[in-house]
Amino acid sequence: MALPYELQLGWRYTRAGRATRRNGFISFISGVSMAGIALGVAALIIVLSVMNGFQKEVRDRMLGVVSHIEIFSRDGQALQDLQPIMDAARKNPEVIGAAPFIASQALVARGEDMKGALVRGIEPRLEPEVTDFSSTAQKGALDRLVPGQFGIVLGAELARQLYVRDGDQVTLIAPGGQVTPAGVVPRLKQFTVVGTFDSGHYEYDSALAMIHEQDAAKVFRLEGPTGIRLKLKDLNQAREVADELAKTLPGQFLIRDWTRQNKTWFSAVQVEKRMMFIILTLIVAVAAFNLVSTLVMTVTDKRADIAILRTLGASPKSIMGIFVVQGAMVGVIGTFAGLGLGLLVAYNIDIIVPAIERLLHTHFLPQDIYLISRMPSDPQRSDIMPIAIISLVLAFVATLYPSWRASRVNPAEALRYE
């Protein structure tokens with residue numbers, strides 16, 4: 001099937017300089033533009049994939065400690081009729097786990113060392129349904145939380161700050177002291193450290209302590225759990241499920257999902273990702289608009305060819321189409337080359353980065369500084385498709401002015417000195 005001559009000539013001009021040396025410089029400039037587009041697209045894909053990977057790693061570690069959805073009573077007191085509420089929540093098809101808990105702030109002391117902590121009373125039997133503590137805590141630590149024995153599991157960093165290990169005694173100082181004739185006396189209770197956990201998230205490892213739910217109720221003088229934690233099939237549906245539960249649960253409750261608990265952090269990540277997208281898109285834009293100079297030079301060099309085509313009956317629209325095809329070919333080849341390169345690096349970054357680290361004898365992510373020690377990557381279609389579309393659109397827009405100028409060439413003027 002014969003192709004339109006505009007496509008044939010546009011493709012021939014794109015390849016100009018391979019068979020002859022007359023247009024070699026133009027071909028070189030065209031190749032530079034193509035390479036610039038490819039590198040810009042690849043850089044965008046790699047950077048956004050790494051940012052997605054960081055966000056996913058931190059989010060997964062955070063959700064190993066924080067539940068997807070938490071349900072509280074509006075007055076902050078113990079929930080009444082706990083089991084019917086849990087059963088009603090489990091009826092939602094997205095909910096796969098539910099567990100009660102008590103949350104309060106307290107001071108954890110050992111000798112003269114004292115640290116503020118978020119104390120969470122849990123039911124060890126149900127806790128694995130809503131968090132991944134079993135994978136981050138010491139083996140059997142949660143099983144050693146027996147009601148009445150007042151055991152406590154500390155975050156690894158909190159334990160280091162207090163210089164304690166398994167078997168040591170710590171003092172839990174609860175808020176709201178006891179009124180006596182001698183004045184207000186703080187409520188103190190000795191706990192035995194039965195294990196530690198290391199979630200990989202400093203905020204929780206340095207400020208979270210877990211005790212049995214019944215021990216927490218005694219220490220904080222509560223009648224029962226103050227909240228229910230839920231785990232979902234799809235964590236990205238947390239906000240929608242929370243809104244549904246607010247309508248279906250019996251009674252008035254305060255429902256909070258993980259996106260609202262960490263709203264500031266995730267908003268900051270999204271802003272950074274958006275700004276990086278804009279900055280790196282400018283690289284693609286610069287490379288795409290290099291096509292303007294390439295096509296202007298090509299139009300100048302091909303004035304005689306344009307004049308001959310016009311005298312043979314080619315319309316200005318056809319002449320414009322030839323150079324649009326030439327610029328679009330550069331943009332398409334550069335974009336798809338960039339997509340291939342970017343995806344190749346993004347999917348193999350766990351191999352490429354360690355090889356570079358060994359070659360340079362350095363570590364890009366020291367484990368004692370960053371939350372993670374390896375470079376993560378998570379290419380997403382929602383990022384890749386806009387990158388490809390923007391690159392193609394910019395390349396196409398860059399061809400319009402030079403192509404229009406080519407269609408305005410006067411055949412008589414162009415052939416006068418030929």
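Reader: Which residue lies over the face of Phe150?

Author: Good place to start! In this predicted model, Lys189 lies over the face of Phe150, with 4.2 Å to the ring centre. A lysine is read as sitting over a ring when its NZ is within 6 Å of the ring centre and within 35 degrees of the ring normal. There is another case to look for: Arg229 lies over the face of Phe101, at 5.8 Å from the ring centre.

Reader: How many aromatic pairs are there?

Author: For a pair, the ring centres must lie within 6.5 Å. The count comes to 3 aromatic pairs. One of them joins Phe150 and Phe191, whose centres are 5.5 Å apart with 85 degrees between the planes. Planes over 60 degrees apart count as edge-to-face, so that is how this pair is classed.

Reader: Which parts does the pair tie together?

Author: Phe150 lies in the loop between helix 4 (133–136) and strand 4 (151–155), while Phe191 belongs to strand 6 (residues 183–197), so the pair links parts 41 residues apart in sequence.

Reader: Is Phe191 buried or exposed?

Author: Phe191 is buried, with a relative accessible area of 0%. Phe150 is buried too, at 15%.

Reader: Which residues make the nonpolar surface patch?

Author: Phe289, Met385, Ile389, Val393, Phe396, Val397 and Leu400 make a patch of about 610 Å². Helix 14 (residues 381–407) gives the largest share, 6 residues. Take Val397, which lies in helix 14: its relative accessibility is 39%, so Val397 counts as partly exposed.

Definitions and conventions: Residues numbered from 1 in each chain as written. Predicted model: local features only at pLDDT ≥ 70, side-chain atom pairs only at ≥ 80, totals over all residues. Heavy atoms only, no water. Phe/Tyr/Trp six-rings, centres within 6.5 Å; stacked < 30°, edge-to-face > 60°. Helix = DSSP H or I, 4+ residues; strand = E, 2+ residues; numbered from the N terminus. Buried < 20%, exposed > 50% of the residue type's maximum accessible area, 1.4 Å probe, protein only. Patch = residues over 30% accessible without salt bridge, like charges linked within 9 Å, V, L, I, M, F, W, Y side chains within 5 Å. Areas by Shrake-Rupley, 256 points an atom, 1.4 Å probe, with all protein chains shown as cover. Salt bridge = Lys/Arg side-chain N within 4 Å of Asp/Glu carboxyl O.
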